[in-house]
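Biologist: Could you take me through one part of this protein at close range? I'd like to start from a single side-chain contact and work outwards from there.

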Amino acid sequence: MSKNVVVIAPHPDDETLGCGGTILKHIKSGDSVHWIIVTRMSTERFTETQRSRRSSEISEVANRYGFSSTTILNFNAAELNSVNLGDLIDELSQVFQRIRPEVVYSPFYGDVHTDHGWTFKAVLACTKSFRYSFIKRVLCYETISETEFGSVNGAAQFLPQVFVDVTDTFEKKMEIMKIYASEMGEFPYPRSAEAIKSLAQLRGSTAGVKNAESFQLIREIL
């Protein structure tokens with residue numbers, strides 16, 4: 001039976017870095033996958049050229065995945081922790097009530113980027129079983145360049161328990177990641193093709209497959 005799946009990205013590219021291969025598997029199996037982008041490039045911080053390029057990237061990425069819907073909440077990037085959390089929860093809740101997802105993918109609460117942590121707090125508030133009974137599974141994905149640097153104090157380490165074999169979808173994930181050309185760099189930059197492939201192989205070796213994406217399970221109702 002097909003499911004409604006929501007993937008929440010604080011910024012465009014987080015969804016591909018964290019669970020691009022898993023997204024493609026969901027869509028291949030007939031699930032409806034909905035993309036929620038929490039932030040936008042503000043006119044104060046970014047040029048018209050940058051904002052236009054990002055808009056084109058979002059359109060192309062959405063098309064390549066075949067998302068059932070794409071929603072942009074339009075909070076300013078790198079400023080989420082200055083936003084009233086209740087406002088973020090309200091907007092996210094409205095989307096959840098409209099889509100009624102069964103599976104939710106969220107950024108990890110311990111990521112070094114404050115936008116990620118603030119997003120997770122809103123997601124957690126919007127997945128309470130007594131208000132959102134349609135949600136049966138909540139997982140955090142790891143975002144290379146954010147997750148590994150957020151656990152330096154040992155307080156919030158990413159400890160995956162769920163591994164998805166993305167061997168068959170990994171090459172397409174990498175093709176989609178190339179759309180975000182301005183976010184990529186040369187190895188040993190974390191968001192480089194080599195680093196992304198290395199992480200997939202590391203997680204794959206844990207799961208006994210060639211390439212895998214890993215997740216920390218927050219809640220599952222069977």
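Modeller: Let's start with aspartate 115, whose side chain makes a polar contact with the side chain of histidine 11, at 2.7 Å. Keep in mind that this is a predicted model. Aspartate 115 sits in helix H4, which covers residues 114-125. Setting aside residues up to four places away in sequence, aspartate 115 touches Pro10, His11, Thr39, Ala77, Ala78, Glu79 and Leu80. Now for the charge: aspartate 115 is buried but has no salt bridge, and the nearest side chain of opposite charge, arginine 45, is 8.4 Å away.

So what does arginine 45 pair with? Arginine 45 forms a salt bridge with glutamate 79, and the closest N and O atoms are 3.0 Å apart. Glutamate 79 belongs to the loop between strand E3 (69-76) and helix H3 (85-99), while arginine 45 belongs to the loop between strand E2 (32-40) and helix H2 (48-65), so this pair ties together parts that are 34 residues apart in sequence. Glutamate 79 has 24% relative accessibility, so it counts as partly exposed. Remember that Glu79 is also one of the residues that aspartate 115 touches.

Ala78 is on that contact list too, and its backbone deserves a look. Alanine 78 has a phi near 65°, a positive value in a residue other than glycine. You'll find alanine 78 in the loop between E3 and H3. With a relative accessible area of 37%, alanine 78 is partly exposed.

Next, histidine 116, which is also placed in helix H4. Histidine 116 counts as buried, at 0% relative accessibility. Its side chain makes a polar contact with the side chain of aspartate 111, at 2.8 Å. Leaving aside neighbours within four places in sequence, histidine 116 is in contact with Pro10, His11, Asp14, Pro107, Phe108, Asp111, Thr143 and Glu146. Pro10 and His11 appear there, and both are also touched by aspartate 115. As for Asp14, the C-alpha atoms of histidine 116 and aspartate 14 are separated by 9.5 Å, and these residues are 102 apart along the chain.

That brings us to aspartate 13, in the loop between strand E1 (4-9) and H1. Aspartate 13 has a positive phi of about 115°, although it is not a glycine. At 4% relative accessibility, aspartate 13 counts as buried.

From here we can follow H1 across to another helix. Helix H1 (14-28) is among the elements covering the buried residues of H6, along with strand E6 (162-165), helix H5 (170-177) and strand E7 (212-220). The buried residues in H6 are Ala195, Ile196, Ala200, Arg203 and Gly204. H6 itself runs over residues 193-207, and its 15 residues reach 21 Å from the first C-alpha to the last, close to the 21 Å expected at 1.5 Å a residue. After H6 comes glycine 208, with a positive phi near 80°.

E7 has partners of its own. Strand E5 (residues 137-141) is joined to E7 by 5 bridges, and the two run antiparallel. In that pairing, cysteine 140 stands opposite glutamine 216. E6 and E7 also run antiparallel, joined by 4 bridges, with valine 162 standing opposite phenylalanine 215 in E7.

E7 also has a charged link to H5. The side chains of lysine 173 and glutamate 213 meet in a salt bridge, at 2.8 Å from N to O. Lysine 173 lies in helix H5 and glutamate 213 in strand E7, so the pair ties together parts that are 40 residues apart in sequence. Both lysine 173 and glutamate 213 are buried. Contrast that with aspartate 115, which is buried yet has no salt bridge.

One last backbone detail, in the loop between H5 and H6, is proline 188. The peptide bond from phenylalanine 187 to proline 188 is cis, with omega near 15°.

Key. Residues are numbered from 1 along each chain as its sequence is written. This is a predicted model: local features need pLDDT of at least 70, side-chain atom pairs count only at pLDDT 80 or more; totals for chains, interfaces and linings use all residues. Side-chain values use heavy atoms; hydrogens and water are left out. The expected span of a helix is 1.5 Å times one less than its number of residues. Buried means under 20% relative accessible area, exposed over 50%, partly exposed in between (1.4 Å probe, protein chains only). Contact means heavy atoms within 4.5 Å. Two strands pair if DSSP finds at least two bridges between them. Lys and Arg count as positive and Asp and Glu as negative; His and the chain ends are not counted. A salt bridge is a side-chain nitrogen of Lys or Arg within 4 Å of a carboxyl oxygen of Asp or Glu. A polar contact is a pair of N or O atoms within 3.5 Å; within protein, one must be able to donate a hydrogen and the other to accept it, and residues adjacent in sequence count only if both atoms are side-chain atoms.
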